[in-house]
Amino acid sequence: MAEKKANIHPSVVIEKGAKIAPDVKIGPFCFIGRDVELKAGCILESNVILKGSLRVGENVKIFSFAVMGREDSEIVIGEKTHIREFTQIGTQESLNAKSKKIIIGANNFLMGYVQILGGVELGDFCIITNAVRLYENVKCEERVIIGGLSTVEANNTIGTGVMIGGASVVNSDIPPFMLVEGNKATIKGLNVIGLRRRLENKGDIEEIKAVFKKILGDGADKILAQEIADTNPNEFIQRLASFVASSNL
């Protein structure tokens, strides 16, 4: 067992080999596995369990009863991410019994009871609200918001700036900047408020609206989307159009 410091509760179990920065604070009854690394500024509340190959970035806060990893898992948590109570990341066995790397980006907020399975990749500045479940190989680009009790089924990608309504079930790719909801989830329109917060140029927003109507107005027109991606110089249009062209829609 590793030597404990004043900011680590005496009830904490730390296996030999764990790397813990000097200023990390760990509350009572936590377990830290031998292949875990906690960087500077991390805070663990009580009853947190960390196993497997787990790299936790600076200033991450993990709340009580969160569990991350298995003996054979590989997980990376980006800096300044908050992980709330009872969240489970990479604790379930993969379908093919081979663990898949999980990447959680920086500045994310994962609320209580979230479940993240193997192979998930989460970009930066995402908000995953209560009791959301992300199945295997789900990829969320940056600035995604997922409403409570929602599920994203395996092997789907959620584009940047997407907002998913509560209690939705997503069974396909969702292009960037969309608003979706429902069981099964369908596109309801553009996340205009999110775009206004993100883009200073109103002309970009109007152009995104126009392209949205062309390539997604009556089903996904992948051929037109690829043409737009190849010819339009606007980076946001390129991102939207290229996503649609290569999606499973």
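**Stop 1: helices α2 and α4**

Start by selecting residues 202–216, which make up helix α2, and residues 235–246, which make up helix α4. Keep in mind as you look around that this is a predicted model. The axes of α2 and α4 come within 10 Å and cross at roughly 20°. Angles under 35 degrees count as roughly parallel, so α2 and α4 are roughly parallel to each other. Turn the view until you can look through one helix at the other: α2 passes α4 in a right-handed crossing.

Now switch on the side chains. Which residues of α2 meet α4? On the α2 side, pick D204, E207, I208, V211, I215 and L216. Their partners in α4 are F236, I237, L240, A241 and V244. Colour this contact by class and you'll get nine nonpolar, no polar and two charged residues.

**Stop 2: bring in helix α3**

Next, add residues 222–231, which form helix α3. The axes of α2 and α3 come within 8 Å and cross at roughly 145°. To see who's touching whom, show V211, K214 and I215 of α2 together with L224, A225 and I228 of α3. That contact has five nonpolar, no polar and one charged residues. You've met two of these already: V211 and I215 in α2 also meet α4.

Now hide α2 for a moment and look at α3 with α4. What is the angle between α3 and α4? They pack at about 145°, with their axes 8 Å apart, and the crossing is left-handed. On the α3 side, select K222, A225, Q226, I228 and A229. On the α4 side, go for I237, Q238, A241, S242, V244 and A245. By class, this contact of α3 with α4 has seven nonpolar, three polar and one charged residues.

**Stop 3: into the nonpolar core**

Leave the helices and head for the largest nonpolar core, which has 69 residues. In soluble globular proteins, nonpolar side chains tend to be buried together. Which members touch the most other members? Select I26, I32, L38, L50 and I77.

Zoom in on L50. Leaving aside neighbours within four places in sequence, L50 is in contact with F31, I32, G33, V36, L38, L44, I62 and M68. Two names there should ring a bell, since I32 and L38 are in that top group as well.

Then click on I77, in strand β11 (residues 74–77). Buried or exposed: which is I77? I77 has a relative accessible area of 2%, so this residue is buried. Not counting residues up to four places away in sequence, I77 touches L54, R55, V56, G57, V60, M68, I83, I89 and I104. Try the distance tool too: the C-alpha atoms of I77 and L38 are separated by 9.8 Å, though the two residues are 39 apart along the chain.

**Stop 4: a few loops**

Jump to Q92, in the loop between β13 (88–89) and β14 (102–104). Q92 is partly exposed, with a relative accessible area of 23%. Leaving aside its neighbours within four places in sequence, Q92 is in contact with R70, Q115, I116, L117 and R133.

Now find N130, in the loop between β18 (127–128) and β19 (133–134). N130 is partly exposed, at 41% relative accessibility. Beyond its close sequence neighbours, N130 touches M111, G112, G148 and L149. Draw a line from N130 to G112: the C-alpha atoms are 4.9 Å apart, while the residues are 18 apart in sequence.

Follow that contact over to L149, in the loop between β21 (145–146) and β22 (151–152). L149 isn't a glycine, yet its phi is positive, near 65°. At 61% relative accessibility, L149 counts as exposed.

**Stop 5: two more backbone oddities**

Select A167 in the loop between β24 (163–164) and β25 (169–170). A167 has a positive phi of about 60° although it is not a glycine. A167 is partly exposed, at 46% relative accessibility.

Finish at K184, in the loop between β26 (178–182) and β27 (185–190). Where is the cis peptide bond here? Look at the link from N183 to K184, where omega is near 5°.

Note on methods
Residues are numbered from 1 along each chain as its sequence is written. This is a predicted model: local features need pLDDT of at least 70, side-chain atom pairs count only at pLDDT 80 or more; totals for chains, interfaces and linings use all residues. Side-chain values use heavy atoms; hydrogens and water are left out. Axes are lines fitted to C-alpha atoms, for helices over the stretch in contact, and angles run from 0 to 180 degrees between N-to-C directions. Helices (H or I, at least four residues) and strands (E, at least two) are DSSP runs, numbered from the N terminus. Angles under 35 degrees count as roughly parallel, over 145 as roughly antiparallel, 65 to 115 as roughly perpendicular and the rest as oblique. A crossing is left-handed if the near helix is turned anticlockwise from the far one by less than a right angle, and right-handed if clockwise. Contact means heavy atoms within 4.5 Å. Ala, Val, Leu, Ile, Met, Phe, Trp, Tyr, Cys and Pro count as nonpolar, Asp, Glu, Lys and Arg as charged, and the others, Gly among them, as polar. A nonpolar core is a set of buried Ala, Val, Leu, Ile, Met, Phe, Trp, Tyr and Cys residues joined through side-chain atoms within 4.5 Å. Buried means under 20% relative accessible area, exposed over 50%, partly exposed in between (1.4 Å probe, protein chains only).
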